[in-house]
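User: Hi! I have a model open on my screen and would like to talk through some of its side chains with you. Could you help me read it?

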Amino acid sequence: MTSVPPPIGGQPGWQPSVSTSLDISVAVKWAWRKFRANTSTLVLNTLVLFVVGIGVYVAAFLIAHSVVPHGSLFLKVDERTGQIDGLGDYFALLGVLYLALFVLVIPLSVLSAGFLRSGLRIADGETPGFFDMFTVKNAPRIMLTNVLISMGSLVGMIFCYLPGLAFAVFAGYAIPILIERGLGPVASIEESFRLVKPNFWNAVLVAVVTGVIATVGMFACLIGILVSAPVAMLIHIYAYRYFSGGRIEV
């Protein structure tokens with residue numbers, strides 16, 4: 001069956017599509033075309049996210065080392081006894097590092113939401129500017145929504161890993177929904193579940209494809225992420241609008 005995007009010019013709808021005809025190749029081609037039309041803005045926005053993200057990791061590492069000054073991320077084995085040295089400090093450092101990352105990434109989620117907002121504007125046929133990424137509203141709701149999604153995914157991964165991945169897929173459209181509708185964190189996640197439920201395998205396919213594209217960009221000397229990240233984001237936005245019956249400007 002051929003994939004047919006929602007009508008051009010239509011307003012975002014909230015009756016989930018039960019279509020199984022999402023053509024991922026159409027989504028990829030659309031994303032690439034829109035990236036080329038908005039290259040400078042999207043590349044600069046991605047660069048900002050990348051630099052801030054690196055700063056977050058550096059800050060988390062410095063915090064962890066200040067709390068556990070003798071800790072190391074590399075375990076050493078005593079050649080004579082075969083015992084592992086500093087195992088306690090290793091786990092303490094790792095725990096503080098992950099906790100610091102979890103806290104520091106929360107504000108970064110607002111910037112990421114601004115990136116998604118630019119993608120939504122592109123799907124509407126608009127041309128976002130560089131500073132549009134910094135004008136996103138409902139920052140507290142966005143941060144809380146990301147905390148809930150992270151916690152839900154983490155809890156799910158504790159139980160045989162797959163439930164966590166499934167939760168991440170079902171909740172994957174909560175932020176675009178929050179941006180467009182201004183709902184609360186729980187309501188946005190619920191709407192995302194409702195949207196994905198009749199399109200679960202399509203949503204899984206989108207998650208796999210965007211993940212592969214982003215990963216390839218990371219391995220391309222990290223420069224490729226400036227292209228792969230916005231393209232992956234636009235594919236995600238295409239899928240969101242497709243599933244919800246919203247506008248996809250060609």
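User: Thanks for taking a look. Is Arg241 buried or exposed?

Analyst: Happy to help, and please keep in mind that this is a predicted model. Buried means under 20% relative accessible area. Arg241 has a relative accessibility of 0%, so Arg241 counts as buried.

User: Which residue does the side chain of Arg241 meet in a salt bridge?

Analyst: Side chains of opposite charge can pair when their charged atoms come close. For Arg241 the N to O distance in the salt bridge is 2.9 Å. The partner counts as partly exposed, at 22% relative accessibility. That partner is Asp124.

User: How many residues apart in sequence are the parts that Arg241 and Asp124 tie together?

Analyst: The side chains of Arg241 and Asp124 meet in a salt bridge. Arg241 lies in helix α9, while Asp124 lies in the loop between α3 (87-123) and α4 (139-158), so the pair ties together parts that are 117 residues apart in sequence.

User: Which residues do salt bridges that share partners join into one network?

Analyst: Let's start with one pair: the side chains of Arg121 and Glu126 meet in a salt bridge at 2.6 Å, N to O. Arg121 counts as partly exposed at 21% relative accessibility, and Glu126 counts as partly exposed at 35%. Salt bridges that share partners make one network of Arg121, Glu126 and Asp132.

User: How many salt bridges does the structure hold?

Analyst: Among them are the pair of Arg241 and Asp124 and the pair of Arg121 and Glu126. Another one joins the side chains of Glu249 and Arg247, at 2.9 Å from N to O. The number of salt bridges in the structure is seven.

User: Now for a serine. The side chain of Ser192 has a polar atom 3.0 Å from which residue's backbone nitrogen?

Analyst: Ser192 lies in helix α7 (residues 185-196) and counts as buried at 0% relative accessibility. Leaving aside neighbours within four places in sequence, its contacts include Phe170, Gly172 and Ile177. The backbone nitrogen of Ala174 lies 3.5 Å from a polar atom of the Ser192 side chain. At 3.0 Å, the residue you are asking about is Tyr173.

User: And how far apart in space are Ser228 and Val216, C-alpha to C-alpha?

Analyst: Ser228 sits in helix α9 (residues 225-244) and is buried, with a relative accessible area of 7%. Not counting residues up to four places away in sequence, Ser228 touches Ile213, Ala214 and Gly217. Ser228 and Val216 are twelve residues apart in sequence, and their C-alpha to C-alpha distance is 7.5 Å.

Definitions and conventions
Residues numbered from 1 in each chain as written. Predicted model: local features only at pLDDT ≥ 70, side-chain atom pairs only at ≥ 80, totals over all residues. Heavy atoms only, no water. Helix = DSSP H or I, 4+ residues; strand = E, 2+ residues; numbered from the N terminus. Buried < 20%, exposed > 50% of the residue type's maximum accessible area, 1.4 Å probe, protein only. Contact = heavy atoms within 4.5 Å. Salt bridge = Lys/Arg side-chain N within 4 Å of Asp/Glu carboxyl O. Polar contact = N/O pair within 3.5 Å; in protein donor to acceptor, adjacent residues only side chain to side chain.
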